[in-house]
Amino acid sequence: MSGWRRHVLARKEKGSRNRAKARLKVVKIHGRIADRRRDYLHTLSTRLVRENQVVAIEDLSVRNMVKNRSLSRVISDAGWSEFRSMLEYKADWYGRRVVVIDRFCPSSKTCSVCGVIAGAMPLNVREWACRCGVVHDRDVNAARNILAVGLAVAACGDGVRPPRT
Ligand SMILES: [Zn+2]
C-alpha cells in the first residue's frame with residue numbers, strides 16, 4: 001500500500017470513529033433533555049393538581065398537529081400526551097377533576113370578555129383585537145375560554161357542550 005493511501009485510510013477510520021463518538025454524544029444529550037423535560041412535567045402536573053380542584057385542558061389533536069411541520073417540534077417537545085396522562089392519574093390520587101374540552105371548541109377565536117367569535121384565526125396570529133376593544137394574547141385568551149368551559153362542565157356535569165363552529 002502506498003504511503004498516501006495508508007494516510008487516507010487512516011484519516012477515514014479516524015473520521016468515522018469521531019462521527020460515532022459525536023453520534024453517541026448527541027444521543028446522550030437527547031437522553032438528558034428528555035429526563036429534564038419529564039422532571040419538569042412531573043413538577044408542573046403535581047403542582048397544578050394539588051393547587052386546583054378542576055384542571056381544564058383542550059383535547060388537541062396531537063397527531064394532526066405533528067403533521068404541521070412548524071408545530072411538530074413544539075408539540076413533541078412539550079410531550080403533550082405524556083403531560084395529559086400525568087394530570088389525569090394525579091387527579092385521581094388527589095381527588096381532583098381534569099376536564100378535557102372538545103378540540104372543536106373555538107377557544108382561540110372566541111373573545112373571553114364579550115363572547116363574540118372572531119373570523120378565521122390562522123396559527124401565526126399571536127395577538128388579536130376584538131370588536132369590543134380588548135386586545136388578546138391568543139394563548140391567554142384561549143386558556144381563559146378553556147377554563148370557563150371546564151368550570152361549567154365541572155359544575156353542571158357533562159351535559160354542557162361548548163358551541164361548535
Ligand atoms: Zn370582545
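In which helix does Trp93 lie? Trp93 belongs to helix H4, and this helix offers a convenient place to begin reading the structure. The reader should bear in mind that the model is predicted. Helix H4 comprises residues 80-94, and several of the features described below involve its side chains.

Trp93 is exposed, for its relative accessible area is 61%, and the threshold for that term is over 50%. Tyr89 has a relative accessibility of 32% and is therefore classed as partly exposed. Tyr89 and Trp93 are four residues apart in helix H4, so about one helical turn separates them. A search for aromatic pairs across the whole structure returns one. Its members are Tyr89 and Trp93, whose ring centres are 5.3 Å apart and whose planes meet at 50°, so the pair is described as tilted. The reasoning rests on the angle: planes under 30 degrees apart would count as stacked and those over 60 as edge-to-face, so a pair that fits neither description is tilted. Tyr89 and Trp93 also contribute, together with Tyr94, to a nonpolar surface patch of about 350 Å².

The discussion now turns to charged side chains. Side chains of opposite charge can pair when their charged atoms come close. How many salt bridges does the count give? The count comes to five, and three of them are described here, beginning with those of Arg84. The side chain of Arg84 forms a salt bridge with that of Asp59, with a distance of 3.3 Å from N to O. This pair connects distant parts of the chain, since Arg84 is in helix H4 while Asp59 is in the loop between strand E1 (54-58) and helix H2 (62-67), 25 residues apart. Arg84 also forms a salt bridge with Glu88, at 3.2 Å from N to O. Here both partners are in helix H4; they are four residues apart, and so about one helical turn lies between them. Asp59, Arg84 and Glu88 are thus joined in a network of salt bridges. Within this network, Arg84 is partly exposed, with a relative accessible area of 25%, and Glu88 is likewise partly exposed, at 31% relative accessibility.

Another salt bridge joins the side chains of Arg126 and Asp139, with 2.8 Å from N to O. Arg126 is located in the loop between strand E2 (97-101) and strand E3 (127-129), whereas Asp139 is in helix H5 (residues 138-156); the pair therefore ties together parts that are 13 residues apart in sequence. Arg126 is partly exposed, with a relative accessible area of 40%, and Asp139 is partly exposed at 47% relative accessibility.

The last feature to consider is the metal site. Which residues coordinate the zinc ion? The SG atoms of Cys111, Cys114, Cys130 and Cys132 do so, at 2.3 to 2.4 Å. Along the sequence, these donor residues follow the spacing C-x2-C-x15-C-x1-C. Why is the arrangement called tetrahedral? The four donor atoms subtend angles of 106 to 114° around the zinc ion, and four donors count as tetrahedral because all their angles lie between 85 and 135 degrees. Two of the donor residues may be contrasted in their accessibility. Cys111 is buried, because its relative accessibility is 1% and the term applies under 20%. Cys114, in turn, is partly exposed, with a relative accessibility of 39%.

Note on methods: Residues numbered from 1 in each chain as written. Predicted model: local features only at pLDDT ≥ 70, side-chain atom pairs only at ≥ 80, totals over all residues. Heavy atoms only, no water. Phe/Tyr/Trp six-rings, centres within 6.5 Å; stacked < 30°, edge-to-face > 60°. Helix = DSSP H or I, 4+ residues; strand = E, 2+ residues; numbered from the N terminus. Buried < 20%, exposed > 50% of the residue type's maximum accessible area, 1.4 Å probe, protein only. Donors = N, O, S within 2.8 Å, 3.2 Å for Na, K, Ca; no water. Tetrahedral: all angles 85-135°; square planar, octahedral: opposite > 155°, others 65-115°. Salt bridge = Lys/Arg side-chain N within 4 Å of Asp/Glu carboxyl O. Patch = residues over 30% accessible without salt bridge, like charges linked within 9 Å, V, L, I, M, F, W, Y side chains within 5 Å. Areas by Shrake-Rupley, 256 points an atom, 1.4 Å probe, with all protein chains shown as cover.
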